[in-house]
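User: I should like to learn how to read the features of a structure that is new to me. May we go through it step by step?

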Amino acid sequence: METRFIEPVTLRGAVATLEPLAREHAPALARAAEDGQLWRLWYTSVAPPGRMDEYVTAALAMRDDQGAMPFAVRQNATGDVVGCTRYFNVDARNRRLEIGHTWYAARVQRTALNTECKLLLLTHAFEALACIAVEFRTHWFNHASRAAIARLGAKQDGVLRSHQLGPDGVRRDTVVFSIVDNEWPAVRAHLAHQLARPRQEGTG
């Protein structure tokens with residue numbers, strides 16, 4: 001059997017734990033999405049609670065068919081599943097991948113949780129998978145996400161105009177950011193510094 005570029009792995013930090021997504025996470029993710037009614041944000045693709053089973057099924061299909069790795073995000077202090085994130089658009093030959101499909105319950109947004117999750121994902125990508133580059137993409141109108149990605153230390157590569165059609169048929173302009181391997185030591189130090197500061201961090 002061919003070895004996958006990304007094998008299932010649990011990534012543990014002080015604030016959050018990322019565990020491989022499973023069907024059993026769907027009810028908890030539905031509750032997380034209800035906190036802030038995240039599906040009502042037109043520039044995101046968070047499933048409404050009644051369709052979270054479909055969302056998880058699609059994420060697992062991307063894992064099985066395209067080599068992606070979706071995670072459920074658990075808040076360590078409460079034990080609650082508060083969102084999810086994913087490695088996807090995996091290009092094993094060129095050692096590149098994208099981090100995205102990230103969303104969190106409203107109560108943990110603008111906390112250190114997102115910063116630590118990104119640090120865990122980037123550390124695994126650059127230091128365990130030996131990635132050359134890690135990419136982030138977001139909707140042009142998702143200004144909070146764009147600002148949060150820039151705060152990580154990612155650089156904007158450009159804008160893909162009329163890149164995708166949304167469920168409502170509206171065209172999406174996609175902003176592309178990336179971090180490359182020779183930038184990783186500085187980004188890692190920056191994120192560790194952000195986590196050590198006694199203030200809340202942004203979301204993305």
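**Reading the sheet, the helices and the core**

Analyst: Let us begin with one pair of strands: E5 and E6 run parallel and are joined by 3 bridges. Within this pair, Arg-96 stands opposite Ala-133 in E6. Please keep in mind that the model is a predicted one.

User: In what order do the strands form the sheet?

Analyst: An order is read by following each strand to its partner. Here 8 strands make up an open sheet, arranged E1-E2-E3-E4-E5-E6-E8-E7, and the pairing is mixed. Two strands, E1 (11-12) and E7 (155-165), are at the edges, since each of them pairs on one side only.

User: In which sense do E3 and E4 pair, and over how many bridges?

Analyst: Strand E3, residues 69-75, pairs with strand E4, residues 81-91, in the antiparallel sense, and the pairing covers 6 bridges. A single bridge can be located by its residues: Arg-74 has Val-81 in E4 as its bridge partner. On the way to the next strand, E4 and E5 also run antiparallel and are joined by 6 bridges. There, Asp-91 has Arg-96 in E5 as its bridge partner.

User: Which residue takes a positive phi in the hairpin of E4 and E5?

Analyst: The residue is Arg-95, with a positive phi near 55°, in a hairpin that has 4 residues between the strands. A positive phi also appears elsewhere: Gly-153, just after H4, takes one of about 110°.

User: How should I read the placing of a helix against the sheet? Across which strands does H1 lie?

Analyst: One asks what the helix crosses, at what angle, and which of its residues are buried. Helix H1, residues 26-34, lies across E4 and strand E5 (96-104), and runs at about 105° to E4. Its buried residues are Ala-26, Ala-28, Leu-29, Ala-30, Ala-32 and Ala-33. These buried residues pack against E4, E5 and helix H2 (52-66).

User: Which residues of H4 are buried, and why do they line one face of the helix?

Analyst: In helix H4, which spans residues 143-152, the buried residues are Ser-145, Arg-146, Ala-148, Ile-149 and Leu-152. They line one face because, seen down the axis of H4, they fall within an arc of 165°. The buried residues of H4 pack against H3, E6, strand E8 (171-180) and helix H5 (184-196).

User: Which members of the largest nonpolar core touch the most other members?

Analyst: The largest nonpolar core has 35 residues, and those touching the most other members are Tyr-87, Leu-97, Leu-122, Val-134 and Phe-136. Helix H3 (residues 112-128) supplies the largest share of this core, 8 residues. Another core lies apart from it, with 19 residues that include Ala-28, Val-46, Ala-47 and Cys-84.

User: With which residues is Val-134 in contact, leaving aside its neighbours within four places in sequence?

Analyst: Such a list shows which parts of the chain meet at one residue. With those neighbours left aside, Val-134 is in contact with Leu-97, Ile-99, Leu-122, Ala-125, Phe-126, Phe-177, Ser-178 and Ile-179.

User: Is Ala-16 buried or exposed?

Analyst: The relative accessibility decides, and buried means under 20%. Ala-16 has 0%, so it counts as buried. Its place is in strand E2, residues 16-20. Beyond its neighbours within four places in sequence, its contacts include Leu-11, Val-73, Leu-113 and Leu-120. Ala-16 and Val-82 are 66 residues apart along the chain, and their C-alpha atoms are separated by 9.5 Å.

User: Is Arg-161 buried or exposed?

Analyst: Exposed means over 50%. Arg-161 counts as exposed because its relative accessibility is 68%. Arg-161 lies in strand E7. Between Arg-161 and Asp-173 there are 4.5 Å in space, C-alpha to C-alpha, and the two are 12 residues apart in sequence.

User: What does the side chain of His-139 reach?

Analyst: The side chain of His-139 reaches the backbone nitrogen of Phe-141 at 3.0 Å. His-139 is found in strand E6, residues 133-139, and with 7% relative accessibility it counts as buried.

User: Where is Thr-57 placed, and how is its accessibility to be read?

Analyst: Thr-57 is in helix H2. With a relative accessible area of 36%, Thr-57 is partly exposed. Thr-57 and Pro-27 are 30 residues apart in sequence, with 13 Å in space from C-alpha to C-alpha.

Definitions and conventions. Residues numbered from 1 in each chain as written. Predicted model: local features only at pLDDT ≥ 70, side-chain atom pairs only at ≥ 80, totals over all residues. Heavy atoms only, no water. Core = buried A, V, L, I, M, F, W, Y, C linked by side-chain atoms within 4.5 Å. Buried < 20%, exposed > 50% of the residue type's maximum accessible area, 1.4 Å probe, protein only. Contact = heavy atoms within 4.5 Å. Pairing = 2+ DSSP bridges. Axes fitted to C-alpha atoms, helices over the stretch in contact; angles between N-to-C directions. Polar contact = N/O pair within 3.5 Å; in protein donor to acceptor, adjacent residues only side chain to side chain. Arc of directions from axis to C-beta.
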